[in-house]
Structures are given as C-alpha cells and as structure tokens.
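Got a few minutes to poke around a fold together? Have the sequence and the coordinates open while you read.

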Amino acid sequence: MKRTIKKVAVLGSGVMGSRIACHFAGVGLQVLLLDMVPKEAQESADKAARNKLVNDTLQAALKSNPSPVYSKEVAKRINTGNFTDNMKDIATADWIIEVVVERLDIKQQIFEQVERYRKPGTLISSNTSGIPIHMMAEGRSQDFKEHFCGTHFFNPPRYLRLLEIIPTPHTKKEVVDFLMQYGSLQLGKTTVLCKDTPAFIANRVGVYGIMAIFGLADKLGLTIDDIDALTGPVIGRPKSATFRTADVVGIDTLVKVARGVAENCPGDEQNIVFTIPAWLEQMVTNKWLGDKSSQGFFKKTKGPMGEKEILTLNLSTMEYGPRQKPKFASLEAAKPVDDLKTRLKILVSGTDKAGEFYRHFHYGLFSYVAHRLPEISDELYRIDDAMMAGFGWEIGAFESWDELGLSKTLARMQEAGYTVPAWVEEMLAAGHTSFYKLENGKRFFYDIPTKSYLLIPGGEAFIVMKHFEGQTVWKNAACRAYHLGDDVIGLEWSTKMNSIGGEVLEGIQRSITLAEEKYKGLVIANEGANFSAGANVGMIFMLAIEQEYDELDMAIRQFQQSMMRARYSSVPVVVAPHGLSLGGGCELNLHADKICAAAETYIGLVELGVGLIPGGGGTKEFALRAADEMHEDEPETITLKNRFLSIATAKVATSAQEGMEMGILRKGKDEIVLNQGRRIVEAKRSVLELYDSGYITPIQRTDIKVMGRSGLGTLLTGINGMLRANYATEHDALVARKLAYVMCGGDLSEPTLVSEQYLLDLEREAFLSLCGERKSLERIQSVLKSGKPIRN
C-alpha cells in the first residue's frame, strides 16, 4: 500500500518527546504532542491548566540552545493536549510515536489507550532506548503488532542523524521498509536496521567503548584530561571525547545502560567491561551526574578574580583540580596531519603511553564489534553507520580496521591476547583482505553468510566524492575533480577548514573549463566537516602586512573572476554546501545556478567580523538582490537596509531554512536536502535537469538599480546612531560606511542603473583599502591565532 505521512502524534513531551515533535514539525508535518494532566489540575476544567505540563516542556525545548527547529515558524505546526482529553485525537494521525518514561508497565498502559483510538493500519512505534520492543507489543491486537516497531532517535534529534529501526517478529516487512526509506528521505536520518537486543547497536557498542576506556584509564594510569585529549577530534571523534560526553549524556544514564547490558547479556564475552568501577559508583551516590547536576567529571566554578574556570575530577582522590594539558609525543606527531586515516596509523604505532592506549583501545573495539555479528546485526556496515551517525564518529570501526590493515592488525591483536570470531579468519583465509571495497564509485561490504562482497543497499541515493578517485579527471595539491557518471563532474577540495585560496580558485576555474569542453555540468561539494570556512585569510594577512597591494589586488580579482565564472559558464554549476559555509564559501553559493544545501548548513557573509567587507562578489550580489526585491508599495531603501544589515552584523543562518529566509538561498530555485548524505546526488540530478531543459548561459547584468546618495544617507544615519549609542566602535563604523558606499553604488546624485562589474570594482577597491587598516589586520591576526572560523 502507498503510505503518506501528514500528521504525527507524539506521546510524551519530555526532553526527547518535545524535540522529536519539533523535528517532525521542522520537516513540514502537523504534530499532536500529548502528555499527562498535572496532578494539581486533575479536577480543573481550565484547558491551560490541564495542558500546562506539555506546553511548558514544549516552550522550554523551543527556547533551548542549540535550537531544535530549523525556523521558529515551525512551532505553529505543533498542537498540544493531554492524554485524558485528547488521546481520541490520535485517530487522525498517520504515525503515533511513544516517548514516555522508560518503564514497561507505563508504556503498556499508554499502548492500551492507543489501541482504543488508533485507526487500523496506522504506524505505531516506541522511542525506547533499552526496553525490548517485543515485550511492549504483548497483549496487543494483530494489526497493532504488524504496524509496531522501535524507532530510536538520538538526542538532540535535529542534530544527531541516527534513527534505529527495531522490528519485532510480528512487524510487517513493508512497515520496516517504509520507515527505513521515510526516515532517510523525509527526516534526514541515517536509518539503521537493528535486532531487538539490549541497547540495540549504537548504545551497545558506544557504551562498551566508554566503559573500556574507563578500564584503560585505570590500567594505564591516565587522567580524565589525558583521555579526553586522546579520544577527541584527533581520532575522528567529537570534541566532547569520552568524559565530557559522559557528563552531557548523564552519568546515571550511562550507568543504567551499562548495567542493563551486563545483566541482560550474560553471554557477552566482554561482560566484565560493563562492571561499574568503584569511583563511578561513588559519583552516582554523590549525585555527581554531569551537566544535569552541574558537576560530574568536570565542574564549572569561578577563579579568584571571578573568571570562569573548569575543574577536572581526580579519579584517585575524588577531588577536583585545575585542568591539565597533556603532552604525548605520538599525539604531537599526529596533530599536524590533516588526513584522519594517516593520523590513526601514526597514533596506533606510537611507542609512548598514548600509543599503548591507542593499540589496546582499537584492538578491543575491533574484537568487540566482530563478535557482535550476527548478534546485533547481520551486516557489518550497519554497525559503522550507527556509530558514525549516533556517536559522531568520522570513521567506523570496521573501516578503521581496514585502514590500519586487516591482516597485519589481526596478527598484532592476537599477539596482545585479543580474540576474534572464526568468520574473520575464514574471510582472510579465502583471500578477502578488507571489510569494504570500491568498484566504479560503488561501495561493497563483506557479507558473512554468503562469504562474498555485496553492494551496500541504497547506495544509489548517495554520492561520496572520495569513492570516485579512480575517475579523477584533474587535480592539484588542494583539489580533485571526478567524473561522477552521466557526464557530470564533481569538484572537491581539502584544505584547512576547507578555506578557499589560489589552488581552490584554480580548481573552480579548471573544473568549469573541463565541464564546458566535455561534460554536461559541474557539482561543487565535499565530505569535510564543513563546506568552507571562507577565503584564506592567512594569505590576505601576509600580503597586507607586507604591503604587497598589487598582488593582493590580483588575488581579489581572481576570486571575483572565479565567482563570476561559476555564474556565467556555459554549463550548469550546482553547489551542495553543508555545515559552515562562510564568507567566500557563501559567495560561491551566491553565484551558483542552484544550491542544494543540507538542512544543517550555517551560511553567511562574515567578513565584517575581521574588519573587511565581502570582496569575492558577495557585496555586489546582495546589492543586486536588494535591487531586484524593491517594490513600488514600500520605500526603496527597505530591502537595501535589510541586505546591508545582514552583512554589517555578520549574520550567519543557523539552518538552510533560515538561509532562505535571509535571501541567501532563493525560494523556488534553490533546494534544501534534509539528509546531508543525499545532497550530492540531488546536486547531480539538478545539473542534469538544468542541462536537459536547455541550459542557456545567463547574460551579465547591466540593469542593477543602486540608490546613490539617497540610500547612502539612510544607511549612514543608522551607522552614526549605532556609533553614538556605543553599539559599534569607530572602526566598525568605518567598515560599515565602506560597505554602504559599495551597496549604494557610490556617491551618485540619483538612483542609477549600473553593471555587475561596476559594483565589483567598487567592492574590490573598498576591500583593498580596509586591508591597509591596522584594526582590520589586528582582527585577522586574532582569527588566525584562534584557528577558528570568522564569526560575529
């Protein structure tokens, strides 16, 4: 049957329930959010009093940071109510998801009520993180059982991409298939099919990893600061690493999951790892539960001068002390290496205590995940997918094992006393030397039952650029251009924070030329943590500090020309951003024929944060769009002022949807892709659609209406007001005046029609003049020292 989801009922409005409701609303669905009637309102007829619990928790979620919604407008799609008065309203829902407290008896009571009102065929699921799914369905009707399964979202649902789908023996295959596809396509999730085993996949492996690290800390005499330095971004894990992650999750929650695995998995060969250490028991007794109790492994306090200070718990003395910066030779050797896979090899081969830690950590993990097949999953790629999407790992366990060398690592594991199941040795004996392999851009995994490699299902919906290395058509030190099939080429680059410098600009120009000569179009994207943090400000700083203004002028011209080349090429150019897309990265998007942005794209022109204006065509483009947005029924300066303020405040959209509301993405033309992994496929499809529809090279604009002195006067009045009110410094005001001058077309006596090149010349001149300002150089230097992207 064809199934359509228009309305979702979420039962339970706690931390998870309210945020799941927000995510459903964020993707465009109508949501009914229900919870209990507060005790004090049981006899009340006042609707507000009876719905106080659900309304308060929803408002708390909407006000939380980071925001659970892509846009504040989505809150209008959520209706609230209570279990007593409004359970009958679930009859109009297409999907009912239970998110109440983790107690089987309470969940069964809720499902008994659901059975009374739910229409047959409606999807029903539970967000439980640990209760066996089949137990919740006991006593329910056949139709209920056939349409019931576990749907385990990770917190926060908007940002963590994992959605575990856990069927029971009664769940219809068509229901499982629908949820796997719907979760990926409509909810933007990495959907992972799990077996109904304790903690499912991600928490089973993730909590094992944390508990194993706790054991290694004790064994090797490593501190909390040591461990978090060793287990964060340097090995492709989140900044929260291990102990900080435990504080965020909640130490009581971690202990509960660990105990659950220990009690319910007596046959787990690593069951002893889940034993709670004495110091962890003491923390639970002390109610040092992490962020929820304001102290856990870390504690925020104030120093003698009132400054904020973070203290670290000493696990030996159970006392807090100042944080220490660990130093390990192997860690220092690996940090400068940008490529994660190369870093892992350096770290695991280290001869110091850190190297010893990495070997034990990886050997234990590899042994554990190998033994979990087929217990928790029949396919090994699902374990890697779950860990990357649920715990933020950049690389999965089996992929890591491949990179370190499957056969070589196995020999070293066995020497160190780690075991593996028979299927691993049988696989190697048969001549299969890796868990994954690539063929023509397609990824295959080793399948244990058939003892052969199978294509990863659904791979046609995803393009991973690095999988096309065998189809490289051009490259330089920073960039690679690949043939993605169907006569479309893709360009990616790998630089620090994916910044855009001379080599990247060369890559853009050469890729467009190649596409014009032999192909149908170009996709620009990458799989880094971020699309691009902007132009290479280090290069700008060096040229400015050495007063090489001719070279700086040439560099800015090259940037502008590259952006205009993207706009006015003879083939479609589609950009697929994700994560940070700032400054020059934003300017490239502004000049594309189409943007296929991941929902989690944080985009904006941030150059004023370092005392400059957008110099790669961004200022020009905002002036052009402001002119096109002018309406006869409102003052001509309104749209100009709005565009000016976006740049002047270095505003960054907190989602692609907000980027559309800001006018960076264009309604009806650009596209938001909820699943980040699908954006490159969508970009390629868009290239082919534009080409097949008879793509024609746009004509450069010469009809841009600029306001001259009339607009300049309005903007300068606002700037001076901000300066007098101490909301801006003298230097801020200077930069803002330069920006206003460019966006108004200069000191023109009346509104005038000008060309794009006219505005680009003004933009470049203003940019160069600001590069000579001491305050601008100081701000650039500060950003370079911080190693962080430019932000307001």
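What follows is a short round of questions and answers on this predicted model.

Q: How do the axes of α25 and α30 lie: parallel, antiparallel, perpendicular or oblique?
A: Start with the geometry: the axes of α25 (residues 618-628) and α30 (residues 730-743) come within 9 Å and cross at roughly 55°. Angles of 65 to 115 degrees would count as roughly perpendicular and those under 35 degrees as roughly parallel. The crossing angle of roughly 55° therefore makes α25 relative to α30 oblique.

Q: What is the handedness of the crossing of α25 and α30?
A: Handedness is a separate matter from the crossing angle of roughly 55°. For α25 and α30, the crossing is right-handed.

Q: Which residues make the contact between α25 and α30, and how many of them are nonpolar?
A: On the α25 side you'll find T619, F622 and A623, and they meet L739, V742 and M743 of α30. Sort these by class and there are no charged residues and one polar one, which leaves the nonpolar count at five.

Q: Is R567 buried or exposed?
A: R567 sits in helix α23 (residues 549-567). Leaving out residues up to four places away in sequence, R567 touches L590, H591, D593, E621, R625, Y695, P698 and E756. Its relative accessible area is 11%, and the cut-off for this class is under 20%, so R567 counts as buried.

Q: Which strands stand at the edges of the open three-stranded sheet?
A: The order in this sheet is β9-β10-β11, with antiparallel pairing. An edge strand here has a single partner, so one side of it is left without a neighbour in the sheet. That description fits β9 (298-302) and β11 (319-322).

Q: Which residue of β10 stands opposite F298?
A: Five bridges join β9 to β10 (residues 308-314), and these two strands run antiparallel. Look across from F298 into β10 and the residue you land on is T312.

Q: By how many degrees are neighbouring strands of this sheet turned against each other on average?
A: The sheet in question is the open one with the order β9-β10-β11. Ignoring direction, the average turn between its neighbouring strands is 45°.

Q: How many of the eight residues of α18 are buried, and which residue follows this helix?
A: Helix α18 (residues 397-404) is mostly covered, with seven of its eight residues buried. Those are A397, F398, E399, S400, W401, D402 and L404. Just after α18 comes a residue with a positive phi, near 95°, and that is G405.

Key
Residues are numbered from 1 along each chain as its sequence is written. This is a predicted model: local features need pLDDT of at least 70, side-chain atom pairs count only at pLDDT 80 or more; totals for chains, interfaces and linings use all residues. Side-chain values use heavy atoms; hydrogens and water are left out. Axes are lines fitted to C-alpha atoms, for helices over the stretch in contact, and angles run from 0 to 180 degrees between N-to-C directions. Helices (H or I, at least four residues) and strands (E, at least two) are DSSP runs, numbered from the N terminus. Angles under 35 degrees count as roughly parallel, over 145 as roughly antiparallel, 65 to 115 as roughly perpendicular and the rest as oblique. A crossing is left-handed if the near helix is turned anticlockwise from the far one by less than a right angle, and right-handed if clockwise. Contact means heavy atoms within 4.5 Å. Ala, Val, Leu, Ile, Met, Phe, Trp, Tyr, Cys and Pro count as nonpolar, Asp, Glu, Lys and Arg as charged, and the others, Gly among them, as polar. Buried means under 20% relative accessible area, exposed over 50%, partly exposed in between (1.4 Å probe, protein chains only). Two strands pair if DSSP finds at least two bridges between them.
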